[in-house]
Amino acid sequence: MTSEPAIGSTVAEGGLPYGVFSRPAERRRVGVRVADSVLDIAAVARAVGSRDTEIFEQPSINALMALGPDRWPGIHAWVRAVVADLERERRLDEYTIPLDQVALHLPFDVGDYVDFYASEYHATNVGKIFRPDSPGLPTSWKHLPIGYHGRAGTVVVSGTDVVRPHGQRRGFSGEPDFGPTAKLDIECEVGFVVGQPSQLGQPVPISAARQYIFGVVLLNDWSARDIQAFEYVPLGPFLGKSFATSVSAWVVPLEALASAEIALPRQDPPVQAYLAGDRSEVFGLDLRLRIEVNGHVVSEPHYRDMYWSPSQMLAHMTVNGASLRVGDLFASGTVSGPSRDSLGSLLELTWNGTSPLSFPDGDTREFLTDGDLVTLSGWAPGVAGGLVRLGEVGGRVIGTDTGRNEPDKA
């Protein structure tokens, strides 16, 4: 497994992601992550008499995002300047709180949630596993970003326990039975947060995608593979996916990932005109991701291997006239690469349980068991040789008879 490069010389070089935090007996408010602390940006804004103080005092970043793309660069620049000034004056401690002293909450109010299927490697692997007698990729896969509408109400913040779901599966006799999933899985994904609404009936063109994508989160779309396999034909995922989707407590502004933008892999055949654009419009991202199960690194997917651009996903999501709302979330689908150590799900890593993972402590896994802790983390190249850390997303699997931990309710 690879190691991360060193962090840049100043904290202001990082992505300075936005989140929402609180301390006991205090209201939730917007914060900015600085290393292993949260900057109380509302307190800073009050101290300097900022016109945006009320925006930072909100219990989500939706109001901040709703300021619109004309204001986002100025807000980001002001935050960077604040952090740099406080660091230079050695006053950061006056406005920062260690992360272990705060509760972190879902950073944005989720509008709609759409999950895509943008990795050719993942889509091909899943096709081979679930449809061994058919072509790996569906006929339409290279013509459009395939996706489905998920359940926004079950998007939860990192640290929330995941209850093992129940549903119908194919039994040993071939007949359906009902019970807890025996194939609970993870999906290492990248999520994109929409910060501007669009009008019903008005598609968002590729050229305007950056005006709508506010930021990026890491995302784990938990999956019950046996429930999914029994239900997904003919209409696709439903109960096998809708029980929980975990996101990071931190939203990294898309602007902060400028140094990580790269060209997409070649798309062949050529795409329809509404999905086409130059490199600045149809872009990939060099995000290095990591999956850990109970502290053991099991894979390190690279987002640069994805076939479809986030701008293409957004354009396709709205091409029929569907509207956007502030706080809408769309995800990339599982990030997988060409090698075993770059696969983004246990379904692929164990080839549907036929080749179990072995951990250094002698333990093995086909799929997740109760008590397992899954953590996704990642980083991207930043300015001046530094890096931008993506907020980690973690969750522990529990049985239905266990008390659930919900940090977002703290």
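Here is a friendly exchange about how the labels on this predicted model follow from their definitions.

Me: Before the labels, what kind of model is this, and what do the values rest on?
Reply: It is a predicted model, where local features need pLDDT of at least 70, side-chain atom pairs count only at pLDDT 80 or more, and totals for chains, interfaces and linings use all residues. Residues are numbered from 1 along each chain as its sequence is written, and side-chain values use heavy atoms, with hydrogens and water left out.

Me: What makes up the secondary structure of the protein?
Reply: It comes to eight helices and 26 strands. These are DSSP runs numbered from the N terminus: helices are H or I over at least four residues, and strands are E over at least two.

Me: Why is the protein called as compact as a globular protein of that length?
Reply: The globule rule is 2.2 Å times the number of residues to the power 0.38, and the radius of gyration is taken over C-alpha atoms. For 410 residues the rule gives 22 Å, and the protein has 21 Å, which is close, so the description holds. Along the principal axes, the C-alpha trace spans about 70 × 50 × 40 Å.

Me: Why are β4 and β5 said to stand at the edges?
Reply: The open sheet has five strands in the order β4-β3-β2-β1-β5, with antiparallel pairing. β4 (96-98) and β5 (103-105) each have a single partner strand, so one side of each is left without a neighbour in the sheet. From one strand to the next, the twist averages 45°.

Me: How do you know that β3 and β4 pair?
Reply: Two strands pair if DSSP finds at least two bridges between them. β3 (residues 37-39) and β4 have three bridges, in the antiparallel sense, and therefore meet the definition. One of the bridge partners is P98 in β4, matched with S37.

Me: Where does helix α1 lie?
Reply: Helix α1 (residues 41-48) lies across β2 (29-34) and β3, running at about 105° to β2. Such angles run from 0 to 180 degrees between N-to-C directions, with axes fitted to C-alpha atoms, for helices over the stretch in contact.

Me: Why is T318 called buried, while R90 is called exposed and W351 partly exposed?
Reply: Buried means under 20% relative accessible area, exposed over 50%, and partly exposed in between, with a 1.4 Å probe and protein chains only. T318 is at 0%, so it counts as buried; R90, at 80%, counts as exposed; and W351, at 36%, counts as partly exposed. Buried residues make up 55% of the 410 residues.

Me: What does T318 touch?
Reply: T318, in helix α7 (residues 310-318), touches P203, V204 and L324, leaving aside residues up to four places away in sequence. Contact here means heavy atoms within 4.5 Å. The T318 side chain also reaches the backbone nitrogen of V204 at 2.9 Å.

Me: What makes the phi values of R90 and W351 worth a look?
Reply: Most residues other than glycine have a negative phi, and most peptide bonds are trans. R90, in the loop between α4 (72-88) and β4, has a positive phi of about 55°. W351, in the loop between α8 (346-349) and β23 (357-358), has a positive phi near 50°.

Me: Which peptide bond leading to P234 or P269 is cis?
Reply: Both the bond from V233 to P234, with omega near 15°, and the bond from D268 to P269, with omega near 10°, are cis. P234 lies in the loop between α6 (225-231) and β16 (245-247), and P269 in the loop between β18 (261-262) and β19 (284-285).

Note on methods. A polar contact is a pair of N or O atoms within 3.5 Å; within protein, one must be able to donate a hydrogen and the other to accept it, and residues adjacent in sequence count only if both atoms are side-chain atoms.
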